[in-house]
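Subject: Structure for you to look at

Dear colleague,

I am handing over the structure below, and after it I set out what was found in it. Please read the notes with the structure open beside them.

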Amino acid sequence: MIPKNLGSGDQDEFTDVGSTMQVPGKAPWFVTAAGREVILCRQGDEIVAFSGNCTHQFAKLSQGEVEGTIVRCPAHGARFDCSTGKSLSSMCRDLPKVEVRIQGRRVLVRAR
Ligand code: FES
């Protein structure tokens, strides 16, 4: 799917990345929005989003191994919980949060 930028005004900063139905229950969904890697995941009934780049040396986590909501960085093995953004490795900070909006059944993220 090719994300598209929306309308005018405040919406300009949000990118439509797909349907809420595409966000899996207990696994991350990796997208590219406005040229940035983003991870979407469910946290209970909510959809949350985090930067998809490792906080160590910015490797793309979409290329890492996934087990449930945990992703392992392909570069040096740091692990992150994609449902909370928490780092499970002492060498890394938590993943920065990305703002999410739900409009109807569409998922929009503010990736800048
Ligand atoms: S770049 Fe991810 S652990 Fe080093």
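Two residues are taken to be in contact if their C-beta atoms, placed from the backbone, lie within 7 Å. Please keep in mind throughout that this is a predicted model.

With that cut-off, and leaving aside its neighbours within four places in sequence, Leu40 is in contact with Val23, Pro28, Trp29, Val31, Ile47, Ala49 and Val107. Leu40 also belongs to the largest nonpolar core, a set of 24 residues, where Leu40 is named together with Val38, Ile39, Ala49 and Val109 as touching the most other members. The elements that give two or more residues to this core are the strands S3 (29-33), S4 (36-43), S5 (46-51) and S10 (106-110), and of these S4 gives the most, with four residues. As general background, nonpolar side chains in soluble globular proteins tend to be buried together.

The strands around this core can be followed through their pairing. S3 and S4 run antiparallel and are joined by five bridges, with Phe30 having Ile39 in S4 as its bridge partner. These two strands form a hairpin that leaves two residues between them, and in its turn Ala34 has a positive phi of about 50°. S4 then pairs onward with S5, again in the antiparallel sense, through six bridges; here Ile39 stands opposite Phe50, while Cys41 has Val48 in S5 as its bridge partner. S4 and S5 likewise form a hairpin with two residues between them, and Gly44 in the turn has a positive phi of about 70°. Ile39 therefore has a bridge partner in S3, namely Phe30, and stands opposite Phe50 in S5, where strands count as paired if DSSP finds at least two bridges between them.

S5 in turn pairs with strand S9 (residues 97-103), where two bridges join the strands in the antiparallel sense. One residue to look at here is Ala49, whose bridge partner in S9 is Val98, and which is also among the contacts of Leu40.

There is also an open sheet of three strands, in the order S6-S7-S8 and with antiparallel pairing. Its edge strands, each of which pairs on one side only, are S6 (65-67) and S8 (79-81), and neighbouring strands of the sheet are turned by 20° against each other on average, direction ignored. Strand S7 (residues 70-72) is joined to S8 by three bridges, and the two run antiparallel; within this pair, Ile70 has Asp81 in S8 as its bridge partner.

Turning to the protein as a whole, the secondary structure comes to zero helices and 10 strands, so that what one reads along the sequence is the pattern β-β-β-β-β-β-β-β-β-β, with helices and strands taken as DSSP runs. The C-alpha trace spans about 40 × 25 × 20 Å along its principal axes. For 112 residues a compact globule would have a radius of gyration near 13 Å, and the value for the protein, 13 Å, agrees with this. Of the 112 residues, 29% count as buried. Among contacts between residues at least 6 apart in sequence, 44% join residues at least 24 apart.

With best regards

Terms used:
Residues numbered from 1 in each chain as written. Predicted model: local features only at pLDDT ≥ 70, side-chain atom pairs only at ≥ 80, totals over all residues. Core = buried A, V, L, I, M, F, W, Y, C linked by C-beta atoms within 7 Å. Buried ≥ 20, exposed ≤ 12 C-beta atoms within 10 Å, placed from the backbone. Axes fitted to C-alpha atoms, helices over the stretch in contact; angles between N-to-C directions. Rg over C-alpha atoms; globule rule 2.2 N^0.38 Å.
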